[in-house]
Amino acid sequence: MSLSGSTSDRVAKSKFLVGLIGEGIQASLSPALHEQEAKCHGLTLHYQLIDLAQDGRSIADLPRLIESAEAAGFDGLNITHPCKQAVLPLLTELSEDTRAIGAVNTMVFRKGKRKGFNTDCSGFAMSFHQKLDAPRQRVVLIGAGGVGAAIAHAAMSLGVEQLFIVDRDHQRAEVLARRVAGHYPGRQVASADELASAAKRADGLIHATPTGMAGHPGLPFDPSLLRPEMWVAEIVYFPLETELLRAARKLGCRTLDGGGMMVWQAVGAFEHFTGIKPDAGRMEAHFRKLVTG
């Protein structure tokens, strides 16, 4: 299965209007990342934040917000928590990968159509390959929401033989496990009732919930469940060092922060928005500068 999907529309223009729809996104680095990369290509790009946490909005406003963006001439939108699955019925086309994943983080408006893509999946896979590339026979995934769905597929594309999915909503974990298992016959994908038993013999653990973000501080689970020989991968990138990563490093675990995934999902989204392949190394250098600054 291709990880990123593709868009065949090459966009012959030099000015772009894009945005991000989600909740509590004021600290997002996406505007700076996309706008700076556009400048490096001689393009003008404005990236607007459309925050559900402002002006009394909720996920129920998603259809109206997308209609407004389309009417205003937006070229595309990034979609984040809690809208990655809710946006599906509002699209006219989905890439093959996105259809399998069942979640969208990038949509483009083109020729009267709304096309959905998922660059979270490719973003995590590329980051893992580059920065960690550790044993992955048995892996635990915490979180079965929109980003969890993308990462479940990414984990399987990386060769995971046994994937155990844990979520507060056990039914949601079961549904995701069945969905993913259908695409990878011969390998084990299952939901787990509790993290403690699932993590006992795991090579690594992937955390894919908002816990640890600036707006959702804290630990997603008791770090005493970790073992020094495990690796821990995080999807949260703001802050770059979450409480979970700090605890894992203190224990001696190998870790992967959420920065790489953030950059690589932006690389894919930028190409979908503009039709131009960005410089991934330059985008990562800019990201790290923004974070440390």
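**Charges, overall build and nonpolar cores**

In this predicted model, the protein carries 32 positive and 31 negative side chains, and the centres of these two sets sit 3 Å apart. The accessible surface adds up to about 12,400 Å², with carbon and sulfur atoms accounting for 51% of that area.

Next comes the overall build. The protein has ten helices and twelve strands. Its radius of gyration is 18 Å, close to the 19 Å that the globule rule gives for 293 residues, so the protein is as compact as a globular protein of that length. Measured out along the principal axes, the C-alpha atoms would fit a box of roughly 50 × 40 × 35 Å. Of the 293 residues, 54% are buried. Looking at contacts with a separation of 6 or more, 72% of them link residues 24 or more positions apart.

As for the inside, the largest nonpolar core contains 37 residues, and those with the most contacts inside it include Phe124, Leu141, Ile151 and Trp231. Several elements chip in at least two residues each, among them helix 4 (119-131), strand 7 (138-142), strand 8 (162-166) and strand 11 (231-234). Helix 5 gives the most, with eight residues.

Ile165 is another of the residues with the most contacts inside this core. Setting aside neighbours within four places in sequence, Ile165 is in contact with a list of residues including Leu141, Gly143, Ala173, Leu176, Val189 and Ala192. There is also a second, separate core, made up of 18 residues, and Ile142, Leu195, Ala202 and Leu205 are among them.

Key:
Residues are numbered from 1 along each chain as its sequence is written. This is a predicted model: local features need pLDDT of at least 70, side-chain atom pairs count only at pLDDT 80 or more; totals for chains, interfaces and linings use all residues. Side-chain values use heavy atoms; hydrogens and water are left out. Helices (H or I, at least four residues) and strands (E, at least two) are DSSP runs, numbered from the N terminus. The radius of gyration is taken over C-alpha atoms; the globule rule is 2.2 Å times the number of residues to the power 0.38. Buried means under 20% relative accessible area, exposed over 50%, partly exposed in between (1.4 Å probe, protein chains only). Contact means heavy atoms within 4.5 Å. Accessible areas come from the Shrake-Rupley method with a 1.4 Å probe; for residues, only the protein chains shown count as cover. Lys and Arg count as positive and Asp and Glu as negative; His and the chain ends are not counted. The place of a charge is taken as NZ of Lys, CZ of Arg, CG of Asp or CD of Glu. A nonpolar core is a set of buried Ala, Val, Leu, Ile, Met, Phe, Trp, Tyr and Cys residues joined through side-chain atoms within 4.5 Å.
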